[in-house]
Amino acid sequence: MTKYIIRRLLAAIPVLFGLSIILFAFIHLLPGDPAVALLGQHATPELTAEIRAQLGLDQPLWQQYLAYLGQLLHGDLGKSIITNRPIIDEFLLRFPGTVELTVGALIFAVGLGIPLGRYAARHVQGFGDGMVTVISLLGISIPIFVLGLTLQYIFAVQLKWLPASGRLDPRIAIEYHTNFVLIDTLLDGNIPAFFNGLSHLILPAIALGSIPLAIITRITRASVLDVTNEDYVRTARAKGLSERRVGGRHIMRNAWLPVVTVIGLQVGGLLAGAVITETIFSWNGVGRWTVQAIQDHDYFVVQSIILIFALIFLVVNLVVDIGYAFINPRIRYA
Amino acid sequence: MATVAAPRARRAEARASRGLWRDAFNRLMRNGPALVGLFFITVFFAAAIFAPFIAPYDPIAGSLADRLQLPSAAHIMGTDLQGRDEFSRILYGARVSLFVAVGSVIMALIMGGIAGATAGAVGGKVDNVVMRIVDVMLAIPGILLAIGIVAWLGQGLPQIMIAVAATNAPIFARILRGSLLANREVDYVSAARSLGASRSRMLFRHMLPNSLTALIVAATLALATAIIDVAGLGFLGLGPADPRTPEWGTMLTDATRFIRQAPYLIFFPGLAIVVAAIGFNLLGDGLRESLDPRMKR
């Protein structure tokens with residue numbers, strides 16, 4: 001097992017290395033003079049000179065790269081051109097919002113997708129199965145921004161059941177400890193504020209979770225169908241076990257594996273989707289910050305966000321793979 | 001003896017390869033959902049191709065006097081904030097969407113195809129290097145890579161095309177390499193090898209044609225995501241350089257501020273994107289089932 005983990009960790013190194021080269025190129029090979037491109041209209045000769053020195057643009061390219069790599073290894077992501085504050089601080093301030101959103105979306109997708117998939121597999125080729133197939137087709141075909149705007153119009157503008165945007169009603173003041181609205185309100189025992197935060201989360205989480213929902217439903221259905229035809233399931237039925245026991249113990253236990261892998265793969269899509277979802281719902285997180293940074297031509301911020309999101313994606317999949325190897329010995333020894 | 005056997009073998013070969021595609025086509029024509037998809041795609045293509053003939057108004061020039069009109073007989077989808085006919089803009093938007101999406105998928109097929117074929121056919125160190133590059137590109141999640149590329153290259157349709165292609169190319173490379181590797185050990189390839197077929201003949205005559213089916217399915221499904229991604233970039237303000245260009249995602253962004261007064265400005269472009277995406281998704285699934293009958297349940 002240890003050997004497997006080490007092998008997986010070592011395999012991640014070339015990817016990280018390649019990633020650093022791409023992101024280095026993103027800044028240092030900006031079309032034209034990088035310093036001018038970075039500063040945009042605010043470029044004064046002094047500022048340009050400062051940025052040039054900071055990036056080491058007068059040095060050979062390989063030295064610039066080594067300097068960048070050294071910075072990264074020290075956890076230094078540089079400063080935002082707009083706010084002049086360390087990017088890592090700004091990131092940590094906004095990241096809890098994105099985590100809250102993506103976890104909400106994942107709970108929605110997994111919580112609904114697995115039962116739907118199981119239901120469809122149990123009633124295969126029936127009306128219910130057809131409905132589930134249509135839902136999952138719509139899930140992958142409706143873009144987040146179309147679904148998000150539609151939900152916003154129906155449930156916030158027309159019905160007024162749920163808030164249209166933001167993470168919390170602006171009239172509610174809460175104290176921030178962790179920057180997670182739901183956790184901070186619970187810590188302070190502020191139950192009304194907690195539910196207010198929760199009501200703000202529902203629409204964005206559904207919009208963001210729709211694609212993973214469709215994919216998880218499809219995979220669960222296919223995986224359950226696969227396992228249902230196995231000999232040991234027939235044996236279990238022949239022994240006279242209850243349908244409930246066959247479904248829980250013999251089918252789902254084995255059908256889980258592909259489902260878990262796919263859930264891990266969804267994390268990347270969720271982080272990327274958060275960029276769009278947060279923009280629609282004015283959700284204060286890293287995604288909205290990305291769009292803001294692009295509009296401001298704050299390339300250092302864009303570069304850092306891509307790096308961190310890719311890192312998270314790699315780590316999550318590593319954890320999923322290792323967890324998977326724990327459950328399934330066939331992988332460990334392969 | 002040998003002179004008789006050779007043409008017969010060639011004929012059998014020709015019949016077999018014709019059979020695969022014809023069988024697949026026949027199965028596709030009997031696949032209900034795929035036909036629905038094909039219908040949606042036809043509507044989408046027709047809108048794009050015949051936009052100048054169908055569109056009742058100019059998609060770019062509008063009159064402010066006509067702004068934000070509800071759908072009516074004169075403007076069946078209403079007018080936007082600048083008094084432009086929404087229906088005409090949707091039709092012309094299909095052009096932009098189709099052009100960029102198809103262009104990006106073709107570009108991705110070329111890039112990913114070359115990378116995947118090289119990796120799968122040459123193997124060894126080349127395979128290792130190519131696949132590590134693919135891993136790096138796949139590590140940057142989906143549209144974030146496209147966002148980065150457009151932010152870097154600047155706005156414009158060719159830039160968007162490259163950006164969306166870059167998100168699909170590594171996926172295609174991986175698929176092609178995977179099926180090439182699987183094909184390398186198949187009996188008919190071993191047979192060709194033992195008959196002394198050259199490396200390139202084995203690759204182009206035996207392995208590639210049999211690996212193409214997976215790529216065709218993936219490319220069709222990628223057209224759906226490409227349409228969504230192009231609109232997504234537009235929605236984030238990374239659309240065509242000229243903001244007047246009728247592009248579905250950009251049209252949605254412009255409409256968000258008027259969601260209360262003019263929800264139809266969100267409904268119609270949204271519907272257009274969804275119909276196009278459903279079309280390619282249904283066709284892709286149908287192709288998968290008809291090209292590989294074992295997939296069908």
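1. A definition to start with: two residues are in contact here if their C-beta atoms, placed from the backbone, lie within 7 Å. Please keep in mind as you read on that this is a predicted model.

2. With that in hand, the meeting of the two chains is a good place to begin. Chain A brings 36 residues to the contact, and chain B brings 35. On the chain B side, several helices take part: α4 (124–139), α5 (142–153), α8 (199–235), α9 (248–256) and α10 (264–291) each supply at least two residues of the face that touches chain A. Sorted by class, that face of chain B has 24 nonpolar, seven polar and four charged residues.

3. Next, have a look at the nonpolar cores. The largest has 155 residues, and those with the most contacts inside it are B:A146, B:I147, B:I227 and B:I273. Helix α8(B) gives the largest share of this core, 18 residues. There is also a second, separate core of five residues, which includes A:L168, A:V181, A:L182 and A:A193.

4. B:I147 deserves a paragraph of its own. This residue is found in helix α5 of chain B. Is B:I147 buried or exposed? It has 27 C-beta neighbours inside 10 Å, so B:I147 counts as buried; the cut-off for a buried residue is 20 or more. Leaving aside neighbours within four places in sequence, B:I147 is in contact with A:V275 and A:I294 from chain A, and with B:L236 and B:L238 from chain B. You may also like to check its C-alpha atom against that of B:V164: the two residues are 17 apart along the chain, and these atoms are separated by 9.1 Å.

5. Within chain B, the pairing of α3 (residues 86–122) and α6 (residues 157–184) is worth viewing along the contact. Their axes come within 6 Å and cross at roughly 35 degrees, and the crossing is right-handed. By class, the contact of α3(B) with α6(B) has 25 nonpolar, seven polar and two charged residues.

6. Finally, a check on α3(B) itself. How does the span of its 37 residues agree with 1.5 Å a residue? The expected span is 54 Å, and the end C-alpha atoms of α3(B) are 52 Å apart, so the two agree. Just after this helix comes B:G123, which takes a positive phi of about 70 degrees.

Conventions: Residues are numbered from 1 along each chain as its sequence is written. Chains are lettered from A and ligands numbered from 1 in the order in which they are written. This is a predicted model: local features need pLDDT of at least 70, side-chain atom pairs count only at pLDDT 80 or more; totals for chains, interfaces and linings use all residues. Axes are lines fitted to C-alpha atoms, for helices over the stretch in contact, and angles run from 0 to 180 degrees between N-to-C directions. Helices (H or I, at least four residues) and strands (E, at least two) are DSSP runs, numbered from the N terminus. A crossing is left-handed if the near helix is turned anticlockwise from the far one by less than a right angle, and right-handed if clockwise. Ala, Val, Leu, Ile, Met, Phe, Trp, Tyr, Cys and Pro count as nonpolar, Asp, Glu, Lys and Arg as charged, and the others, Gly among them, as polar. A nonpolar core is a set of buried Ala, Val, Leu, Ile, Met, Phe, Trp, Tyr and Cys residues joined through C-beta atoms within 7 Å. A residue is buried if 20 or more other C-beta atoms lie within 10 Å of its own, exposed if 12 or fewer, and partly exposed in between; C-beta atoms are placed from the backbone. The expected span of a helix is 1.5 Å times one less than its number of residues.
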